[in-house]
Amino acid sequence: MRPARALIDLDALRHNYRLARGLAGGRALAVVKADAYGHGALRCAAALEPEADGFAVACLEEALALRQAGIGAPILLLEGFFEASELPLIAEHGLWCVIHAPWQVAMLERCTLQRPIQVWLKLDSGMHRVGIDPEGYVQAWHRLQALPQVSDIIKTSHFARADEPGCTRTLEQLDTFTRVTAGLPGQASLCNSAALMAWPQARADWGRPGLMLYGVAPVPPARDATAGLRPVMTLESKVISVRDLAAGEPVGYGARFVAQRPTRVGVVALGYADGYPQSAANGTPVAIDGRPGELIGRVSMDMLTVDLTGHPDAGVGSTVELWGRQVAAADVVTCSQTSSYRLLCGVKRVPLQYHG
Ligand SMILES: *Cc1c(COP(=O)(O)O)cnc(C)c1O
C-alpha cells in the first residue's frame with residue numbers, strides 16, 4: 001500500500017474545541033464545512049458531539065450527511081438555503097438557517113412548514129459579501145418575527161479582517177452591529193477563530209470557530225503553540241527511493257534544485273495531487289524520522305524530494321512528516337505562499353486515519 005496518509009488526532013480536536021469555547025465565553029458552534037477543512041466531517045462531528053453546542057456547515061447537503069451519520073445536535077447552515085425546495089427539509093431535520101438576503105426573507109414568508117425553524121439573521125456590517133444592509137435589517141427582523149415559520153431569531157454578522165490584530169476595521173464592524181441591533185432582543189453571534197483569538201470585545205452568545213479547531217491559528221504564524229492549540233492533522237509518507245547527486249546535478253522537473261555540494265536526495269511518496277502545495281519553495285520544512293529536514297526540488301503530482309544529506313541514518317522506509325505534530329502547518333504556508341485554509345482543505349487522495 002502507498003504509505004501516504006493523514007493521521008487525525010481527535011483528542012487534539014476536542015482540546016481545541018474546548019479552548020475555542022472558553023474564548024467564546026458562551027457557546028460555540030464547531031464549523032465542519034468543507035469536510036471539516038479536510039479532516040472528515042462525519043468523524044470529527046461524531047468525536048465532538050458529546051460536548052459541542054452544535055455544528056455549522058455551508059449547505060443543506062453537508063448538514064444532511066451529518067444527520068444521516070446520526071448527528072442529532074443543532075446544525076447551522078451558514079448560507080441558509082439556495083432555493084425554496086430546501087425549506088421543508090430544513091424544517092424536517094431541525095436545522096438552523098442563516099438568512100442573509102432579502103430574497104430569502106421573501107421566500108420564507110411564502111412557504112408553509114411542518115414546524116418552525118430557527119433563523120440566524122445576518123447583518124452586513126462591512127464585509128460586503130452577504131448579509132442584510134444596515135438600513136433594512138430591523139425591518140427584516142420584524143418581518144421574520146411575525147412569521148409562524150420562524151421560532152426565534154439570532155442576530156449574526158461576520159468580520160472581514162479579524163486576522164489583522166492592528167486593524168480598526170473589526171471595531172468599526174462591531175460598532176455597526178451594536179448600533180443596528182441595539183433595540184432587538186435575542187442572542188448574537190459574531191466571532192470566527194481569528195475574532196475569538198484577537199478581539200475579546202466582540203464576544204457574544206455564540207462563537208463560530210473553524211480553523212482553530214484543527215489546531216492552526218489564523219493570526220500570524222508560530223502562534224499556534226502559544227495559543228495552546230494542538231495540531232489535529234499529521235500528513236506523512238515514506239521515502240521510497242534514494243539518489244546520490246554530485247555537485248551541479250539537478251533534481252526533478254524544471255531542475256529547480258541544483259546540488260551545490262554532493263547531496264543525498266530522498267524521494268517521498270506524496271505530491272500535489274494529495275494536496276501538498278506545488279508552490280512549496282526549496283527549504284520548506286519537513287521532519288525526517290522525527291528530525292528537522294528540508295524539501296528540495298519542485299513538488300510532483302505523486303512524489304516530492306527531500307534533502308537526506310544531513311540524515312545519514314535515513315533511507316528507503318524512513319517516515320517523512322509534511323506538517324502536523326513536528327512541522328507547523330503555518331510554516332509550510334509561509335514557504336508556499338498559500339493560506340492555512342487552502343492547505344488543510346486541499347488534502348485529498350490520502351486515507352484519513354483516526355485516533356484519540
Ligand atoms: C467558515 C466560517 C466561519 C469559521 O471561520 P474560521 O476562520 O475558520 O474560524 C465562521 N463563520 C462563518 C460565517 C463562516 O463562513
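Student: What makes the meeting of the D11 and R14 side chains a salt bridge?

Tutor: The term asks for a side-chain nitrogen of Lys or Arg within 4 Å of a carboxyl oxygen of Asp or Glu, and in this predicted model the N to O distance between the side chains of R14 and D11 is 3.3 Å, so the pair satisfies the rule. By this rule the count comes to 12 salt bridges.

Student: Why are D11 and R14 separated by about one helical turn?

Tutor: Because D11 and R14 are 3 residues apart in helix α1, which covers residues 10-24; a helix here is a DSSP run of H or I with at least four residues, numbered from the N terminus.

Student: How do you know that Y37 makes a polar contact with the ligand?

Tutor: A polar contact is a pair of N or O atoms within 3.5 Å, and a polar side-chain atom of Y37 lies 2.5 Å from an oxygen atom of the ligand, so this pair meets the cut-off. An N or O atom in the side chain of S193 is also 2.5 Å from a ligand oxygen atom, while for a polar backbone atom of L211 the distance is 2.8 Å.

Student: Which rules stand behind these values?

Tutor: Residues are numbered from 1 along each chain as its sequence is written, and side-chain values use heavy atoms, with hydrogens and water left out. Local features need pLDDT of at least 70 and side-chain atom pairs count only at pLDDT 80 or more, whereas totals for chains, interfaces and linings use all residues.

Key:
Polar contact = N/O pair within 3.5 Å; in protein donor to acceptor, adjacent residues only side chain to side chain. Helix = DSSP H or I, 4+ residues; strand = E, 2+ residues; numbered from the N terminus.
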